[in-house]
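This report is meant to be read with the structure open beside it. It deals with the surroundings of a ligand and then with two residues of the backbone.

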Amino acid sequence: MKMKNNWDYAPAPETTPVEIAPHYGLFIQGEFRASQNGLDMASVNPATEEELFRFSVASSSDVDVAVSSARKALGKWRRLPGKERGKYLYRIARRLQERAREFSILETMDGGKPIKESRDVDIPEAAKHFFYHAGWADKLDYAFPGRKAGPVGVCAQIIPWNFPLLMAAWKIAPALACGNTVVLKPAETTPLTALRLAEVFQEVGLPEGVVNIVTGAGETGAALAAHPGIDKLAFTGSTAVGKKLAEVCAGTGKRLTLELGGKSPHIIFADADIDQAVEGIVQGIFFNQGHVCCAGSRLYVQESVLEEVSAKLDFRMQSLRLGNPLDKNTDIGAINSKEQWKTIQSYLEAGKKEGALLHQSNQSALPKKGYWCRPSWFEGVQASHTIAREEIFGPVLAVMSFRTPEEALTRANNTPYGLAAGIWSDKGSKIFAMAQKLKAGVVWCNSYNRFDAASPFGGFKESGFGREGGRQGLRAYLELQS
Ligand code: NAD
Ligand code: MN
């Protein structure tokens, strides 16, 4: 099947000016302050490789001060009536909406994702999480009927770089609604929007110490996780670090939730609407450069439609626009960091070396500066290939085929992960039968990557445990008495 597409758009870059300070301190006890030893590091714009700003690196003694600040704030915050806590959350949500454009631009500059995603997904979803949890703050006793609900205490929260503000919102909103106080550590390549969120906390008069933000790399995270003064640790990141943190928490009495990696499968049946399925697959793996924990990175296609799906994938890939993330027409932005770029390149090499055939988009030359990866998919992938087994966290899709639903199910479940799955079929009964047997925290049917603050998200197996969002997500932040 041959198809061609050769029209183009004029550039439409976002030009609204935003301010970025040359240096950001740690946010402790309601104010920004430098780290005690004066150490700092830089965050770059991955689309230009330019240094955007520098930020303080928290040492274990800074972490200690942040944890004490959260502990001090806990007494008053937990005793505040739920409806008063809710008012703060509503204010944060509204202020995020008012500053949405600025936050979208900052998110895109610090992390490299296309502005249309920051604008349409990251920032509105972050605001939604605060709105949603504001609504729970005075209804916690009804969330778990017959039990008296109280906070867990001081919560340490460590987040990754793929949805910087959204992950901060996923962590902070339920914690505050339930009466906990927080020490949050953003990722070292994307701390900007969490630090600007701290400004929002100041603007709305959130009591000092209720949220503290410590910036730095893995060492800062390790110091926070090991601190004896925390009651709970919530971590989103790689499975390797998650396993270490499970060891650190074991036997300490600290509560732990882990949101880790994935290698999520899509299954396309021959009876599916193929155009709709291909669009969902493309969004599910190329969206945010594949920096999505639940990215649909394995695709199983029923044999009779494999040729059609492959041709349509190739065609759609050619019309994806890669480049300046601040351009409103850009579909594919920059890879978040040089390290991640190298990781993705090594997987592309492994795929070719092990015998799979690489298809890539070839529409325009890659920008000279910055970290870029063309949307890619592999044909002729075997289940044993590295690219079919390991999480790549980049815009790389492994395509395989199947004959029967049983085979699709066995192959889809053949992974140490269990975060998400996608089913594409015209037959409701088939979808429900498959969905029940797929070992994944979320199963999307004839759609993919749909989120809502009211529906819980989380994994099975090595994708972690605990849920975020919905009533289920509150459970991790509450102590229930009967
Ligand atoms: P990472 O685990 O290296 O880093 C995540 C965070 O942990 C960062 O803030 C980092 O500074 C910190 N960290 C690193 N080492 C640490 C240590 N020893 N102790 C404490 N904290 C430490 O992960 P990454 O490579 O930056 O992020 C990508 C990974 O995150 C992928 O595997 C992806 O699947 C996963 N992820 C999962 C979800 C989910 O909801 N399940 C969401 C986003 C990302
Ligand atoms: Mn950055």
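The sections below take up the ligand site, the parts of the chain that form it, and two backbone angles.

## Model and ligand site

The structure is a predicted model, and every value given here should be read with that in mind. Ligand 1 sits in the largest pocket, where 27 residues surround it, and of these Trp 161, Glu 188, Ser 238, Leu 260 and Glu 391 come nearest.

When the shell around ligand 1 is sorted by class, 16 residues are nonpolar, seven are polar and four are charged.

## Backbone atoms facing the ligand

Two backbone positions face nitrogen atoms of ligand 1: a backbone N or O atom of Leu 260 lies 2.6 Å from a nitrogen atom of the ligand, and a backbone N or O atom of Glu 259 lies 3.5 Å from a nitrogen atom of the ligand. At Gly 237, by contrast, the partner is an oxygen atom of ligand 1, which lies 3.2 Å from a backbone N or O atom of that residue. Taken alone, ligand 1 exposes 840 Å², and the protein buries 88% of that area.

## Elements and domains around the ligand

Which elements give two or more residues to the shell around ligand 1? They are the helix α8 (218-226), the strand β10 (232-236) and the helix α9 (239-249), and among the contributors α8 gives the most, with three residues.

Seen at the level of domains, the shell around ligand 1 draws residues both from domain 1, which covers 23-260 together with 461-481, and from domain 2, which covers 265-445, and the ligand therefore lies between the two domains.

## Two residues with positive phi

Apart from the ligand site, two backbone angles can be noted. Gln 29, found in the loop between β2 (26-28) and β3 (31-33), has a phi near 55°, which is a positive value in a residue other than glycine.

Phe 393 likewise has a positive phi, near 60°, and is a residue other than glycine; its place is in the loop that runs between the helix α13 (386-389) and the strand β16 (396-402).

Definitions and conventions. Residues are numbered from 1 along each chain as its sequence is written. Chains are lettered from A and ligands numbered from 1 in the order in which they are written. This is a predicted model: local features need pLDDT of at least 70, side-chain atom pairs count only at pLDDT 80 or more; totals for chains, interfaces and linings use all residues. Side-chain values use heavy atoms; hydrogens and water are left out. A residue is near a molecule or strand if one of its heavy atoms lies within 4 Å of it. A polar contact is a pair of N or O atoms within 3.5 Å; within protein, one must be able to donate a hydrogen and the other to accept it, and residues adjacent in sequence count only if both atoms are side-chain atoms. Accessible areas come from the Shrake-Rupley method with a 1.4 Å probe; for residues, only the protein chains shown count as cover. On a 1 Å grid over the protein atoms alone, a cavity is a set of points where a 1.4 Å probe fits but cannot get out, and a pocket is an open set with protein on both sides within 12 Å along at least five of seven lines; lining residues have an atom within 4 Å of a point. A molecule sits in a cavity or pocket if more than half of its atoms lie within 2 Å of its grid points. Helices (H or I, at least four residues) and strands (E, at least two) are DSSP runs, numbered from the N terminus. Ala, Val, Leu, Ile, Met, Phe, Trp, Tyr, Cys and Pro count as nonpolar, Asp, Glu, Lys and Arg as charged, and the others, Gly among them, as polar. Domain bounds come from an automatic or database domain assignment.
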